[in-house]
Amino acid sequence: MAVAGGVSANSALREAFVDYGKRYRAKVYIPPFSFTTDNAAMIAEAGYFKYLDGQFCPLEEVPFAKTKI
């Protein structure tokens, strides 16, 4: 099992995964805390610069993903 992303910084969650791995003899991979960030700060920074540039869209705009499933 691999635990990644911002949620992997949660100490209780990390401990629960380690305990699960011991109990069921499963390998658990959890990155060091320095690699457990999420991208919220990067999204906020991108939004800040768009705000400074006056790049807005109407509130009526429908959000969409750039990828197709």
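1. A good place to begin is a pairing of charge and ring: the charged end of R14 sits over the ring of F33, at 4.1 Å from the centre of that ring. Please keep in mind, here and in every point below, that this is a predicted model.

2. Turning to rings that meet other rings, the structure holds three aromatic pairs. One of them joins Y20 and Y24, whose ring centres are 4.6 Å apart and whose planes make an angle of 40°, an arrangement that is described as tilted. Both of these tyrosines belong to helix α1, which covers residues 11-24, and they are four residues apart, or about one turn of the helix. Y20 has a relative accessibility of 38%, and it is therefore counted as partly exposed, since that class lies between the limits of 20% and 50%.

3. Another aromatic pair is made by Y51 and F56, with ring centres 5.9 Å apart and planes at 85°; because planes over 60 degrees apart count as edge-to-face, this pair is given that name. Both Y51 and F56 are exposed.

4. The same two residues, Y51 and F56, reappear on the surface, where they join Y48, F49 and L52 in making a nonpolar patch of about 600 Å². Within this group, F49 lies in helix α2, which is formed by residues 40-52. The relative accessible area of F49 is 43%, so this phenylalanine is classed as partly exposed.

5. The loop between α1 and α2 deserves a careful look, and V28 is one of the residues found there. With a relative accessible area of 24%, V28 is partly exposed, because the buried class requires a value under 20%. Which residues does V28 touch, if those up to four places away in sequence are not counted? The contacts are with M1, F17 and G21. For F17, which is eleven residues away from V28 along the chain, the C-alpha atoms of the two residues are separated by 6.9 Å.

6. R25 also has its place in the loop between α1 and α2, and its backbone is worth checking when you inspect the model. Most residues other than glycine have a negative phi. R25, however, has a positive phi of about 55° although it is not a glycine. Is R25 buried or exposed? Its relative accessible area is 81%, which means that R25 is exposed, as the limit for that class is over 50%.

How values were computed:
Residues numbered from 1 in each chain as written. Predicted model: local features only at pLDDT ≥ 70, side-chain atom pairs only at ≥ 80, totals over all residues. Heavy atoms only, no water. Patch = residues over 30% accessible without salt bridge, like charges linked within 9 Å, V, L, I, M, F, W, Y side chains within 5 Å. Areas by Shrake-Rupley, 256 points an atom, 1.4 Å probe, with all protein chains shown as cover. Salt bridge = Lys/Arg side-chain N within 4 Å of Asp/Glu carboxyl O. Helix = DSSP H or I, 4+ residues; strand = E, 2+ residues; numbered from the N terminus. Buried < 20%, exposed > 50% of the residue type's maximum accessible area, 1.4 Å probe, protein only. Phe/Tyr/Trp six-rings, centres within 6.5 Å; stacked < 30°, edge-to-face > 60°. Lys NZ or Arg CZ within 6 Å of the ring centre and 35° of its normal. Contact = heavy atoms within 4.5 Å.
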